[in-house]
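User: I would like to see how the labels in a structure description are earned. Can we go through some of them one by one?

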Amino acid sequence: MGNMECYVNEFEAAMLSDTAGYYSRKASSWIQEDSCPEYMVKAEECLKREKERVANYLHSSTEEKLIEQVQEELLTKVSQQLLEKENSGCYALLIDDKTEDLTRMFSLYSKIPKGLDPVSLMFKQLVPFRVLLCKRESRSASQEEVFIKKVIDLHEKYMLYVTTCYSGHTLFHKALKEAFEVFCNKAIAGNSSAELLSSFSDNLLKKGGSEKLDDDVIEDTLDNVVKVLAYISDKDLFAEFYRKKLARRLLFGTSANDDHERSILSKLKQQCGGQFTSKMEGMLTDLQLAKENQSLFEEYKKGTPPGLDLTVTVLTTGFWPTYKSLDLNLPVEMAKCVEVFKQFYQTKTSHRKLTWQYSLGTCNVVGKFQKKPIELVVTTYQASLLLLFNSSDKLSYSEIVAQLNLSDDDVVRLLHSLSCAKYKILTKEPSTKTISQKDSFMFNVEFTDKMRRIKVPLPPVDEKKKVIEDVDKDRRYAIDASIVRVMKSRKVLPYQQLLTECVDQLNKMFKPDFKVIKKRIEDLITRDYLERDKDNPNTFRYLA
């Protein structure tokens, strides 16, 4: 008769109370006897049956109240016990890939206010734990690449859980993001994740690194590299390491596929912005122009032969990493080649100055040994040193230093690679394994090898320190630019607000240190870009 008072007071209240008691007893029994998946199946069935009872026998207004009671007794009150059940709780389901059970857990707890909070927290805590296991399995330097591969695989796996089992819920996206940010910004075996990720990309993109993988797999892996990069705060450090490795791939012809190189740059541009990839894109364009330039030089050489076969790659200084430039005394043969190329280049432009980077050069030199001639693939420095022995049978250390015009450290590296390493092209007196300033060197005519062509490597130089120094310098410039940009638009600003706005601008590329920002502010004051307010020293004014 339009009045629900009798139904609610005389029947519904008692029925809800009895239902709560009934399911409380069931929950106490099931939580002890059943595994987490078995318990959730029973809870799901109970909720379904209660909805059917309401539809068949009761007023529709009862459904919400009844379901709340069942959820409270079967799910909310036992949530901690259920989710943390040993060998079958939330952790176990995630580790054992029980996607159906995880989907059921999400479905049950998503209908309870704040019911997903403990589920997402456990998800967030498990991810770093799984990565820590990968880290323990990858302790040696050679396994660091394996570690990054496992991290990428884990990210792909858990992102799939977020989109399928958890229906793309924002709580789980946030949990995944925060979990990956934790370990992606920790050092692994003394190396930053930014460096390891750049090394992983390098191995994937260079010849021999991805020969067994088809193009689709490589593209998917590159996608995942960029996704993992999003969690790394030192994106500028990744960019510098990546640029160094890209330069080596391009200059030494070790890049496996130009399409993949352009593809990852496109993905990085989308993720981090055009400024992030502008130099790298310039490097690829330089290489294309250099090939056209070389074709023109080949034509020019026909009229003015340089005497040796010469290939020159002209690069734009601003795009490429900075390299140590040494004033090497080139052998006459090489000097003539360089002169011919200079003359050719002046026919094209008179506005650009060529700076020769001999450290990046390679030479093919034929060594005429007693048993057979062997072609030696060496650096320009090594070739310059070897060519000294065309006119001298024996040279002392000091004579070599004087003729090459190089520092002691560089000469020691060269002599070590040619007389003490795997291929002993030179013999030395005394015959020790270290280079001394009192040593003398001779061409080893008895040297032989089963190969007709061998590459004589130079000992590697650790460039990590140089990269970090370059990045720190770039960061100082970026902080200066950010402070000036903010102050130019605001004119007057308190210190705390200036700090906040600078951090917001810089966070896209790196996590700035507050102390460094403070130092940069002081520096800009001394350079008359800013001044302190006379009445309030914590407020700054912009000086136009």
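User: What makes Glu-501 and Arg-490 a salt bridge?

Analyst: This is a predicted model, and in it the closest N and O atoms of Glu-501 and Arg-490 are 2.9 Å apart. The cut-off is within 4 Å, for a side-chain nitrogen of Lys or Arg and a carboxyl oxygen of Asp or Glu. The pair therefore counts as a salt bridge.

User: Which parts of the chain does this pair link?

Analyst: Distant parts. Glu-501 sits in helix α20 (residues 495-506), and Arg-490 sits in helix α19. The two residues are 11 residues apart.

User: Why is Arg-490 called partly exposed?

Analyst: Its relative accessible area is 38%. Buried means under 20%, and exposed means over 50%. The value for Arg-490 falls in between, so Arg-490 is partly exposed.

User: Glu-73 and Lys-77 also form a salt bridge. What are the labels of these two residues, buried or exposed?

Analyst: The N to O distance of this pair is 3.1 Å. Glu-73 has a relative accessible area of 8%. That is under 20%, so Glu-73 is buried. Lys-77 has 53%. That is over 50%, so Lys-77 is exposed.

User: How do you know that Lys-42 and Asp-34 meet in a salt bridge?

Analyst: Their N to O distance is 2.8 Å. That is within 4 Å, so the pair qualifies. Asp-34, at 11%, is under the 20% limit and therefore buried. Lys-42, at 30%, lies between the two limits, so Lys-42 is partly exposed.

User: How many salt bridges does the structure hold?

Analyst: The structure holds 34. Salt bridges also link Glu-44, Glu-100, Asp-101 and Arg-104 in a network.

User: Now the helices. Why are α12 and α19 called oblique to each other?

Analyst: Helix α12 (residues 235-251) and helix α19 (residues 464-490) pack at an angle of about 130°. Over 145 would be roughly antiparallel, and 65 to 115 roughly perpendicular. About 130° fits neither range, nor the roughly parallel one under 35, so the pair is oblique. Their axes are 10 Å apart, and α12 passes α19 in a right-handed crossing.

User: Which residues meet there?

Analyst: From α12 come Asp-236, Leu-237, Glu-240, Phe-241 and Lys-244. They meet residues of α19 including Lys-464, Val-467, Ile-468 and Asp-470. The residues of this contact divide into five nonpolar, no polar and seven charged.

Methods:
Residues numbered from 1 in each chain as written. Predicted model: local features only at pLDDT ≥ 70, side-chain atom pairs only at ≥ 80, totals over all residues. Heavy atoms only, no water. Axes fitted to C-alpha atoms, helices over the stretch in contact; angles between N-to-C directions. Helix = DSSP H or I, 4+ residues; strand = E, 2+ residues; numbered from the N terminus. Left-handed = near helix turned anticlockwise from the far one by under 90°. Contact = heavy atoms within 4.5 Å. Nonpolar A, V, L, I, M, F, W, Y, C, P; charged D, E, K, R; others polar. Buried < 20%, exposed > 50% of the residue type's maximum accessible area, 1.4 Å probe, protein only.
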